[in-house]
Number of protein chains: 2
Amino acid sequence: MALKKEDYPISVQFDFNTGVFEPQEKSVERKVSDMVKMFHDKTAVESMIKAGDPLVYEIFYYGFKTSASDMALGTTRIQPGKVGDEYYMTKGHFHEAFDQPEIYFCVKGEGYLLMETREGEFQAEKWTPGTISHIPPMWAHRVVNTGKEPLVFVATYHLAAGHTYTEVEEKGFLKCLVEKDGKATFVLNDKRK
Amino acid sequence: MALKKEDYPISVQFDFNTGVFEPQEKSVERKVSDMVKMFHDKTAVESMIKAGDPLVYEIFYYGFKTSASDMALGTTRIQPGKVGDEYYMTKGHFHEAFDQPEIYFCVKGEGYLLMETREGEFQAEKWTPGTISHIPPMWAHRVVNTGKEPLVFVATYHLAAGHTYTEVEEKGFLKCLVEKDGKATFVLNDKRK
């Protein structure tokens with residue numbers, strides 16, 4: 001029986017410096033205006049949007065869907081920067097499926113992976129190049145760039161995971177990362193006080 | 001409901017230079033004597049074993065088993081070298097489960113990822129640092145180090161995949177990689193002639 005086209009191996013070439021790989025299936029850009037609800041300083045959000053609405057992060061995707069499987073690759077590049085005192089970060093999401101984990105591999109930059117369950121467990125992992133984190137199913141996850149260069153990470157997951165952004169958008173994570181006296185500092189999220 | 005211990009996030013620290021990460025769950029060493037059937041020059045195999053049985057490659061594992069999932073991490077470091085004219089390589093295996101793919105990410109060195117189906121389709125991917133390959137389910141896979149330094153790659157898969165080595169051990173892959181006139185060259189496997 002002849003194989004279907006989608007059942008052949010595929011390779012892409014990843015650039016450790018830029019975080020981009022080729023070929024891609026699609027890419028997504030997130031600007032400050034895409035994350036209005038996520039950053040705590042609303043005045044800073046508004047003025048940054050007026051001043052040009054800078055890029056916060058990009059994701060590059062390839063979903064390796066075959067007849068029998070759906071493993072996927074995503075790489076993310078978060079720019080260095082802040083909205084007010086809060087560091088640039090990803091929107092963050094839960095997986096929709098209850099049994100879908102994800103592996104994140106930090107290849108460049110520094111920051112934190114924030115994770116939280118619906119029951120209120122919170123865990124933050126410090127990231128430097130080479131940190132590989134396993135995100136168990138049912139933990140929301142967000143990455144924060146606290147460094148001075150782009151933060152790049154590689155993710156593997158399954159398309160079956162699905163993504164839901166609404167809860168994180170409404171409630172945020174338990175803690176935010178802000179710059180205080182020149183240092184990345186955890187503070188309690190205003191919405192949780 | 002309190003989370004079980006295995007349902008919390010875990011991070012490890014990977015060294016891009018050595019290919020090792022810490023903490024690990026386990027590691028495996030493969031020497032020439034573990035791969036007697038795999039290399040085509042049996043005289044070279046015997047003399048290398050007598051001369052000290054050198055290390056060919058190592059794998060470092062962490063299986064992130066949770067209540068609902070079983071994603072796993074494996075990193076492999078293949079030494080540079082040859083048995084006779086044939087480059088050092090991994091044993092190679094099929095997954096036991098029919099629906100289990102794998103993603104391989106070459107972070108150091110150069111070589112080839114060889115893949116083959118039971119129906120005889122063969123595909124080889126040239127690897128340099130940054131090559132990320134998707135291995136669909138039901139394709140046997142082997143990595144060959146054709147370079148002068150260790151080849152390091154990071155794998156993500158599921159523990160449900162399982163591994164079966166017997167077929168590859170008996171039949172090999174359609175093609176072998178040997179050094180000819182100083183260059184990595186594909187030759188038909190003796191067992192397939």
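In the predicted model, an open sheet of 8 strands draws on both chains. Its order is β3(A)-β4(A)-β5(A)-β14(A)-β9(A)-β12(A)-β1(B)-β2(B), and the pairing is antiparallel. Two strands form the edges: β3 (26-31) of chain A and β2 (21-22) of chain B. Each of these pairs on one side only.

Several pairings within this sheet can be followed residue by residue. Strand β4 (residues 55-65) of chain A is joined to β5 (residues 70-78) of chain A by 9 bridges, and the two run antiparallel. Here A:Tyr57 stands opposite A:Ile78. On to the next strand, β5(A) and β14(A) pair over 8 bridges, again in the antiparallel sense. A:Thr76 has A:Phe153 of β14(A) as its bridge partner. Strand β9 (residues 102-108) of chain A is linked to β14(A) by 5 bridges and runs antiparallel to β14(A). A:Cys106 has its bridge partner in β14(A), namely A:Phe153. A:Phe153 is thus listed as partner to A:Thr76 of one neighbour and to A:Cys106 of the other.

Strand β14 (residues 151-158) of chain A is mostly covered, with 8 of its 8 residues buried. In a regular strand, side chains alternate between the two faces of the sheet. One side of β14(A) carries A:Leu151, A:Phe153, A:Ala155 and A:Tyr157. The other carries A:Val152, A:Val154, A:Thr156 and A:His158. Both faces are covered.

A second covered strand is β13 (residues 139-145) of chain A, where 7 of 7 residues are buried. A:Trp139, A:His141, A:Val143 and A:Asn145 point one way. A:Ala140, A:Arg142 and A:Val144 point the other way. The buried set therefore includes A:Arg142 and A:His141, since all of these residues are buried. Strand β10 (residues 111-117) of chain A is joined to β13(A) by 7 bridges, and the two run antiparallel. Within that pairing, A:Glu116 is bridged to A:Ala140.

The two chains meet through a contact of 40 residues from chain B and 40 residues from chain A. On the chain B side, the elements that give two or more residues are β1 (10-14), β5 (70-78), β9 (102-108), β10 (111-117), β11 (122-127), β12 (131-135) and β14 (151-158). The residues of that side divide into 23 nonpolar, 12 polar and 5 charged. Strand pairing also crosses between the chains. Strand β1 (residues 10-14) of chain A pairs with β12(B) over 4 bridges in the antiparallel sense. A:Ser11 has B:Ser133 as its bridge partner.

A turn of 180° with a shift of 0.0 Å along the axis lays chain B on chain A, with an RMSD of 0.0 Å. That is the relation of a two-fold axis. In chain B, the C-alpha nearest the axis belongs to B:Thr156, 3.6 Å away. The same surface serves both copies, as 100% of the contact residues of chain B recur in chain A.

Chain A holds 2 helices and 17 strands. Its C-alpha atoms fill a box of roughly 65 × 35 × 30 Å along the principal axes. The radius of gyration is 17 Å, which agrees with the value near 16 Å for a compact globule of 193 residues. Buried residues make up 42% of the 193 residues. Of the contacts in chain A with a separation of 6 or more, 70% are between residues 24 or more positions apart.

According to an unreviewed UniProt entry, the annotation "domain: Glucose-6-phosphate isomerase prokaryote" covers residues 30-187 of chain A. This span is 9% helix and 51% strand. Its end C-alpha atoms lie 24 Å apart.

Some backbone features stand in loops. The peptide bond from A:Glu22 to A:Pro23 is cis, with omega near -10°. A:Pro23 is found in the loop between β2 (21-22) and β3 of chain A. In chain B, the bond from B:Glu22 to B:Pro23 is also cis, with omega near -10°. B:Pro23 lies in the loop between β2 and β3 (26-31) of that chain.

Positive phi values occur at residues other than glycine. A:Met138 has a phi of about 70° and is placed in the loop between β12 (131-135) and β13 of chain A. With 22 other C-beta atoms within 10 Å, A:Met138 is buried. For B:Asp53, phi is near 55°. B:Asp53 is in the loop between α1 (42-50) and β4 (55-65) of chain B. B:Asp53 counts as partly exposed because it has 13 C-beta neighbours inside 10 Å.

Key: Residues are numbered from 1 along each chain as its sequence is written. Chains are lettered from A and ligands numbered from 1 in the order in which they are written. This is a predicted model: local features need pLDDT of at least 70, side-chain atom pairs count only at pLDDT 80 or more; totals for chains, interfaces and linings use all residues. Two residues are in contact if their C-beta atoms, placed from the backbone, lie within 7 Å. Ala, Val, Leu, Ile, Met, Phe, Trp, Tyr, Cys and Pro count as nonpolar, Asp, Glu, Lys and Arg as charged, and the others, Gly among them, as polar. Two strands pair if DSSP finds at least two bridges between them. Copies are superposed by least squares on the C-alpha atoms of residues with pLDDT of at least 70 in both. UniProt positions are given in the numbering used here, feature names are shortened, and annotations may be inferred rather than shown by experiment. The radius of gyration is taken over C-alpha atoms; the globule rule is 2.2 Å times the number of residues to the power 0.38. A residue is buried if 20 or more other C-beta atoms lie within 10 Å of its own, exposed if 12 or fewer, and partly exposed in between; C-beta atoms are placed from the backbone.
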